[in-house]
Amino acid sequence: MITIRGRVRFNETDTMGVVYHPNYLHWFEMARVEYLRACGVSLNDLMDEGILFPIADVQMHYMNSCKFDDEYEVQVIMSAFNKAKMDFACKIYRVRDGALAVEGTCRNVFTDKNGRVIRLTPQWFEKINKVYKEEKVE
C-alpha cells in the first residue's frame with residue numbers, strides 16, 4: 001500500500017466550503033503515480049516508449065467531506081494486475097478525526113498512442129508484478 005498526504009487548498013473547495021467532488025479524483029491520481037514510482041516505473045518513461053495509461057473505469061463513494069485546510073491521507077493498493085490493466089482500491093481519510101471521506105476503485109489500461117490496448121513488455125511488467133505479488137502475500 002502506498003500512502004500520500006496533502007492539505008486541502010482553497011481552490012479545491014466549492015461555494016459550500018467543501019472539497020469539490022472531482023478533486024478527489026486528482027488525489028487518487030497522485031497516489032497511483034506514487035504507486036508506480038514505488039514500483040520503479042515512471043509515467044514519463046512509459047510515455048517515451050509510446051505506452052499510455054488512461055483510466056477505463058472509476059467508481060467513487062463519498063462519505064465525509066473534507067474542507068479547506070484539512071489534512072487528508074490517500075491510501076492506494078493494487079487489487080488486480082495483468083499485462084493489459086491495473087486495478088486500484090483507494091481510500092481518502094480526513095486526518096483530523098480519521099473519518100473515511102471517500103473510497104473507490106480505478107482501472108487503468110495500457111494503450112498505444114492510438115488508444116489500442118496493448119500488453120506491457122517484460123521490462124515493465126516484472127517491475128510492477130514484483131510489488132503486486134509482495135502486497136498479495138501480506
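Isoleucine 4 has valine 74 as its bridge partner in strand S3. The model is a predicted one, in which local features need pLDDT of at least 70 and side-chain atom pairs count only at pLDDT 80 or more, while totals for chains, interfaces and linings use all residues. Residues are numbered from 1 along each chain as its sequence is written, and side-chain values use heavy atoms, with hydrogens and water left out. Strands (E, at least two residues) and helices (H or I, at least four) are DSSP runs numbered from the N terminus.

The pairing of isoleucine 4 belongs to the contact between S1 (residues 2–7) and S3 (residues 71–81), two antiparallel strands joined by 6 bridges. Strands are taken to pair if DSSP finds at least two bridges between them. Arginine 5 is likewise bridged to S3, with glutamate 73 as its partner. Along S1 the side chains alternate: Ile2, Ile4 and Gly6 point to one face and are buried, whereas Thr3, Arg5 and Arg7 point to the other and are not. Buried denotes under 20% relative accessible area, exposed over 50%, and partly exposed the range in between, with a 1.4 Å probe and protein chains only. In a regular strand, side chains alternate between the two faces of the sheet.

S3 is mostly covered, with 8 of its 11 residues buried. S3 also runs antiparallel to S4, to which 9 bridges join it, and a hairpin of 3 residues connects the two strands. Within this pairing, methionine 78 has phenylalanine 88 of S4 as its bridge partner.

The largest nonpolar core holds 35 residues, of which Phe81, Met86, Ile92 and Ile128 touch the most other members. Contributions of at least two residues each come from S1, helix H1 (23–38), S3, S4, strand S5 (99–109) and helix H3 (122–137). H1 gives the most to this core, with 6 residues. A nonpolar core is defined as a set of buried Ala, Val, Leu, Ile, Met, Phe, Trp, Tyr and Cys residues joined through side-chain atoms within 4.5 Å.

Isoleucine 92 is placed in S4 (residues 85–94) and counts as buried because its relative accessibility is 0%. Beyond its neighbours within four places in sequence, isoleucine 92 is in contact with Tyr24, Trp27, Phe28, Tyr72, Glu73, Val74, Ala99, Leu100, Ala101 and Val102, where contact means heavy atoms within 4.5 Å. The C-alpha atoms of isoleucine 92 and aspartate 14 are 18 Å apart, at a sequence separation of 78 residues.

Glutamate 135 lies in H3 and is classed as buried because its relative accessible area is 11%. Outside its neighbours within four places in sequence, glutamate 135 is in contact with Met1, Tyr35, Ile77 and Met78.

Partly exposed positions were also examined. Aspartate 45, in helix H2 (residues 43–48), is partly exposed, with a relative accessible area of 38%. The C-alpha atoms of aspartate 45 and leucine 120 are separated by 13 Å, the two residues being 75 apart along the chain. Isoleucine 55, in strand S2 (residues 55–62), is partly exposed at 43% relative accessible area. Leu25, Ile55 and Val58 make a nonpolar surface patch of about 210 Å². Such patches consist of residues with over 30% relative accessible area and no salt bridge, nonpolar side chains (Val, Leu, Ile, Met, Phe, Trp, Tyr) being joined within 5 Å and like charges within 9 Å. Areas come from the Shrake-Rupley method with a 1.4 Å probe, and for residues only the protein chains shown count as cover. A salt bridge is a side-chain nitrogen of Lys or Arg within 4 Å of a carboxyl oxygen of Asp or Glu.
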